[in-house]
Amino acid sequence: MNSTLLLLFFFSFAVVIPTLQANIGQADHEYWKNKAENAMELNIKAHHPDPMGNINHFNHQVNKVFEGNNSTKKERKLGRYHGPCRATNPIDRCWRCRADWAVNRKRLADCVLGFGRHTRGGKRGKFYVVTDPSDNDLVNPKPGTLRYGVIQTQPLWIIFARSMIIRLSEELMVASDKTIDGRGANVHITGGAGITIQYVRNVIIHGLHIHDIHPGSGGLIRDSLDHFGFRTASDGDGISVFGSSHVWIDHNSMSHCKDGMVDVIMGSTAVTISNNHMTNHDEVMLFGASDSYSDDKIMQVTLAFNHFGQGLVQRMPRCRWGFFHVVNNDYTHWRMYAIGGSSNPTIISQGNRFIAPPDLNAKNVTHRVFGTPEEWKTWTWRSQNDLLMNGAIFVESGDITPSVPYSKQDFITSKPGTFVRRLTRFAGALDCKVGTPC
């Protein structure tokens, strides 16, 4: 990207930051302004110039899982599973059925697909073991706590000594090059604030139960070894990805967050959200926070193999500006709509299962926000091999494939929606035992 465009991005940040404060205290404005500019430069580099090519790579990996299998018969017999390990999608197939996962934890970092496929988290670093579930000191966190691990400068692969319940006193500020890996323990982030990934890169969040998240009141919070500052009140998101790149959120169970379960905003890109189980929430996911912030055009998010379950209402996700690949997810519940958006986002929906609610007024999968048909008829929202059940309707718009500069070559069709129960059957945090497959 040329220097003129970079300057435009940076100028846009300078204009927007005062109005979208990102929980930043006024005295810390210059520090976070510099972090925002550095992060945007990295986000622009992380932006994939050929998103359709990225989709092809993802779909090729999905199809490889089913080569040679008579999957139709297996699909009819699916129910609660108690047998030996079966990895039913390509991300899980990479690691889940290996009995040595606990001694080879970092193999997980090689398994991500989609727009976040270059995310490596803390793979290059040492292991850090959380032994203390407390969160009492936000400025000088105690060694052994989760907060102490996530603020370190060096890459770290963070694991847990035992099952624990962690109540975060305020939002957990995660530094670059970190993996939070809950496998082998039953780890609940609950009853307090959520996780914030702000102006950083290369973060993996895996295997956590995140629920009953409340807004924080703000105050002095450390975000790195060399800086702490005043933060205003946090919103109550389960996970907030703000101006960051190379982020992978995988195999988490999430419910009852005060604001969004997962928000991806402010120019974040190269993000994959996969294998999560979402329940009991209103506004589930927000991808792009403002119709006035066009820099979110660089946003690219893959949403794959997730189960959107009981008690959900809307925003699975709600998109603005960017490019979103929504593939092989299971939408078994919604009360208003499943996928919504404004400001001309590109949404490619492939091989999802949409089961509409009984309410005749909520059969529409899609919802265009603040737009007339004349305005949104050019937005590219395409449904390919989705399974529409119980009267579900996906209203398409735009060209059948995105126009230049997106490649139309070798567009590999994803697995149809009839395969989704199998692909998503192990969504959510897994009960992994050391010495046996997950």
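## Charges over rings

A charge sits over a ring if NZ of Lys or CZ of Arg is within 6 Å of the ring centre and within 35 degrees of the ring normal. In this predicted model, K106 places its charged end over the ring of F127, 4.8 Å from the ring centre. A further case is K415, with its charged end over the ring of F419 at 4.5 Å from the centre.

## Aromatic pairs

The count of aromatic pairs comes to 11. One of them joins F287 and F324: the ring centres are 5.7 Å apart and the planes meet at 20 degrees, so the pair is stacked, the limit for stacking being under 30 degrees. F287 belongs to strand β19 (residues 285-287) and F324 to strand β24 (residues 323-327), so this contact ties together parts that lie 37 residues apart in sequence. F287 and F324 are both buried.

F308 and Y331 make another stacked pair, with 4.6 Å from centre to centre and 15 degrees between the planes. This pair also links distant parts of the chain, since F308 is in strand β21 (residues 307-308) and Y331 in strand β25 (residues 330-331), 23 residues apart. F308 has 0% relative accessibility and therefore counts as buried; Y331, at 0% relative accessibility, counts as buried too. F308 and Y331 are members of one aromatic cluster that also holds W334, F354 and F394.

## The eight-stranded sheet

An open sheet is formed by 8 strands with parallel pairing, in the order β4-β7-β12-β15-β19-β23-β26-β29. Its edges are β4 (172-173) and β29 (366-368), each of which pairs on one side only.

Within this order, β15 is followed by β19. Strand β15 (residues 262-265) runs parallel to β19 and is joined to it by 3 bridges. One residue match is V262, whose bridge partner in β19 is M285. Strand β19 is also the strand that holds F287 of the stacked pair with F324.

## Strand β14 and its partners

Strand β14 (residues 253-257) has 4 of its 5 residues buried, so the rest of the structure largely encloses it. Which strands pair with β14? Strand β9 (residues 209-213) pairs with β14 in the parallel sense over 4 bridges, and strand β17 (residues 277-279) runs parallel to β14, joined by 3 bridges.

At the residue level, I210 has M254 as its bridge partner in β14. For the pairing with β17, the bridge partner of S255 is T279.

Technical notes
Residues are numbered from 1 along each chain as its sequence is written. This is a predicted model: local features need pLDDT of at least 70, side-chain atom pairs count only at pLDDT 80 or more; totals for chains, interfaces and linings use all residues. Side-chain values use heavy atoms; hydrogens and water are left out. Rings of Phe, Tyr and Trp (its six-membered ring) pair if their centres lie within 6.5 Å; planes under 30 degrees apart count as stacked, over 60 as edge-to-face and the rest as tilted. Helices (H or I, at least four residues) and strands (E, at least two) are DSSP runs, numbered from the N terminus. Buried means under 20% relative accessible area, exposed over 50%, partly exposed in between (1.4 Å probe, protein chains only). Two strands pair if DSSP finds at least two bridges between them.
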